2 protein chains.
Amino acid sequence: MTLPSAKVVPLIPPTRGRTAGKGLTPLAERAYREVKQMVLDNRVHGGEYLLEEELAKAVGMSRTPLREALVQLQNDGLIDIVPRRGIRIVPLTVEDIREVHDLMQWLESQAAYALATRPDRAERVKALRQIVAQMRRLLVAGDITGWAKANDRFHMELVASAGNGRLERICENLLDQSQRVRMFTLRMRKPPTRTNEAHTGMLRAIEEGDGEKAVAIQIANKKAWLAELEEIIERLQLRYL
Amino acid sequence: MTLPSAKVVPLIPPTRGRTAGKGLTPLAERAYREVKQMVLDNRVHGGEYLLEEELAKAVGMSRTPLREALVQLQNDGLIDIVPRRGIRIVPLTVEDIREVHDLMQWLESQAAYALATRPDRAERVKALRQIVAQMRRLLVAGDITGWAKANDRFHMELVASAGNGRLERICENLLDQSQRVRMFTLRMRKPPTRTNEAHTGMLRAIEEGDGEKAVAIQIANKKAWLAELEEIIERLQLRYL
DNA sequence: GCATAAATTAATCTATACATTAAAATATAC
DNA sequence: GTATATTTTAATGTATAGATTAATTTATGC
């Protein structure tokens with residue numbers, strides 16, 4: 001493959017800084033956001049198929065920008081483009097949830113450990129504490145969906161403290177991939193007071209500069225979280241969600 | 001956004017198992033592979049622009065499948081699609097290399113640690129040792145490019161030992177993202193005997209079940225690797241590559 | 001009634017025409 | 001000569017027509 005000489009143009013900020021739907025055309029971006037929201041809101045279910053033409057009609061555009069959005073969504077691991085059959089919502093098995101859980105635990109523990117060793121960690125800890133306070137209020141108010149969203153913000157804020165853009169994008173995507181299952185099972189779980197306490201304890205350890213303790217608390221909480229989810233999924237008797 | 005009822009079809013293996021260019025149409029897949037190879041082979045450079053029509057002509061297809069391939073490549077972090085300007089090869093700064101390095105170090109250390117605790121690790125250690133032996137032979141033969149490829153296989157094999165598909169894809173992509181810089185600076189580095197020794201030592205520690213020692217060796221080698229690269233880039237006086 | 005071949009259908013895949021946009025070039029005023 | 005307005009150009013963004021493919025349905029032979 002031979003090319004004419006590539007043109008060099010002044011360096012401009014990359015579009016990749018944006019976390020999702022990055023570098024897509026205007027219609028493709030809208031399609032990306034709308035289809036993604038439909039998936040994350042559990043309006044469709046794992047294993048189900050959608051047809052391109054029907055999706056295009058639903059989002060009010062031709063198939064060309066929609067297809068570009070679908071390539072992005074497939075890359076995010078939310079859908080599969082099945083040749084000549086349609087768009088399949090990626091079914092999530094308990095193994096998938098374990099994979100995502102393991103990765104998040106590994107990456108978050110690195111972020112927590114790194115934060116515990118930073119001299120200027122007080123600001124970050126303060127911001128994280130504010131999120132936990134909000135989580136407590138939402139739990140008391142009975143707003144479990146709001147609590148889950150705040151919990152996601154906590155995790156993303158913790159990860160952001162590592163100052164690594166690629167890490168942030170990876171974690172945000174992992175949260176997206178597991179969102180359908182986490183939301184589907186949310187009301188079947190015990191009230192997440194254990195998570196609130198674990199976050200509080202982890203932040204105290206970070207504040208004290210005790211990275212190993214912070215990591216130990218994080219790992220224990222995440223293990224308990226996964227065990228409860230596995231129990232729920234076993235009780236549901238579903239191979240995938 | 002409202003949809004007709006989604007069709008449910010028998011569960012078939014997802015296309016996402018494939019590591020790259022997954023779920024793309026035949027022409028899009030070919031475009032993906034060819035353009036990616038062009039980028040990874042340093043036939044274009046960071047900051048340079050390419051035009052869609054010229055690329056389409058070069059790969060011998062219309063813009064439609066090419067554009068789908070470009071969405072995938074952008075998601076891989078290899079190019080940026082700049083609206084109404086063209087495709088830009090993502091410029092890599094030393095900060096980018098640090099990010100990738102940090103992430104790989106975190107993820108690989110998890111994999112190494114996990115492997116060191118597995119009772120059935122002998123088989124994996126054996127496979128990894130074979131790769132290191134090949135790396136030694138290639139170094140003696142003066143084939144530094146072959147050595148670098150074998151080194152990548154070592155890292156991917158180590159990561160694969162964790163049995164986490166998402167981890168593998170993430171790491172493969174991180175290796176891709178840093179490839180242009182690593183290959184560009186390859187011959188400016190000292191002969192990588194330190195890396196060969198580090199791999200050997202790490203495998204011995206894993207074999208002995210000493211995860212912490214394995215991780216310590218891995219971290220030390222990666223730190224030295226990065227320091228040498230930073231020195232080279234500073235000597236080159238380039239803001240990005 | 002069953003197996004296989006042939007025809008039909010459904011849906012994507014790809015090419016390309018046309019619309020749109022933003023940069024570049026040119027014209028104009030001072 | 002410079003600043004601003006206007007026009008032109010280059011390249012993408014989007015819609016859709018037609019090609020292609022694979023699944024489904026129907027026809028045929030035994």
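This is a short talk about a predicted model of two protein chains, A and B, with DNA strands C and D.

Okay, hi everyone. One thing before I start: what you see above is a predicted model, so please keep that in mind as we go.

Let's begin with DNA strand C. Which residues come nearest to it? There are 17 residues around strand C, and the nearest are Arg63(A), Arg67(A), Thr25(B), Ser62(B) and Thr64(B). Now look at the DNA side of that: 66% of the strand C atoms that come within 4 Å of the protein belong to sugar and phosphate.

Here are some individual contacts you can find on screen. Arg63(A) has a polar side-chain atom 2.4 Å from a base nitrogen of strand C. Leu27(B) uses its backbone instead, with an N or O atom 3.1 Å from a phosphate oxygen of strand C. Then there's Arg84(B), where a side-chain N or O atom sits 3.0 Å from a sugar or linking oxygen of strand C. As for the elements involved, helices H2 (52-59) and H3 (63-75) of chain A and helices H1 (26-40) and H3 (63-75) of chain B each give two or more residues to this surface. H3(B) gives the most, with 3 residues. By type, the surface near strand C has 6 nonpolar, 4 polar and 7 charged residues.

Right, over to DNA strand D. Strand D has 17 residues around it, and the nearest are Thr25(A), Ser62(A), Thr64(A), Glu52(B) and Arg67(B). Sugar and phosphate make up 68% of the strand D atoms within 4 Å of the protein. The largest share of the surface near strand D comes from H3(A), with 3 residues. That surface divides into 6 nonpolar, 4 polar and 7 charged residues.

For contacts, a polar backbone atom of Glu52(B) is 2.7 Å from a phosphate oxygen of strand D. A side-chain N or O atom of Arg84(A) is 3.1 Å from a sugar or linking oxygen of strand D. And Arg84(B), which we met at strand C, turns up here too: an N or O atom in its side chain is 2.7 Å from a base oxygen of strand D.

So where does Arg84(B) sit in the fold? Arg84(B) is in the hairpin of S3(B) and S4(B), which has 3 residues between the strands, and Arg84(B) takes a positive phi near 55°. Those two strands run antiparallel and are joined by 4 bridges; one pair of bridge partners is Ile81(B) and Ile87(B). On top of that, S4(B) pairs with S2(B), also antiparallel, over 2 bridges. There, Tyr49(B) partners Arg88(B).

Next, the largest pocket, with a volume of about 700 Å³. It is lined by 18 residues, and the closest to its centre are Ser109(A), Gln110(A), Val215(A), Gln110(B) and Tyr113(B). Helices H4 and H9 of chain A and H4 and H9 of chain B each supply at least two lining residues, and H4(A) gives the most, with 7. The lining is 7 nonpolar, 7 polar and 4 charged.

Last stop: Met104(B), in helix H4 of chain B. Buried or exposed? Met104(B) has a relative accessible area of 3%, and the cut-off for buried is under 20%, so Met104(B) counts as buried.

That's my tour, thanks!

Methods:
Residues numbered from 1 in each chain as written. Chains lettered and ligands numbered in written order. Predicted model: local features only at pLDDT ≥ 70, side-chain atom pairs only at ≥ 80, totals over all residues. Heavy atoms only, no water. 1 Å grid on protein atoms, 1.4 Å probe; cavity = no way out; pocket = protein on both sides within 12 Å on 5 of 7 lines; lining within 4 Å. Points joined across faces, edges and corners; volume = space filled by probe spheres on them. Nonpolar A, V, L, I, M, F, W, Y, C, P; charged D, E, K, R; others polar. Near = heavy atom within 4 Å. Polar contact = N/O pair within 3.5 Å; in protein donor to acceptor, adjacent residues only side chain to side chain. Pairing = 2+ DSSP bridges. Buried < 20%, exposed > 50% of the residue type's maximum accessible area, 1.4 Å probe, protein only.
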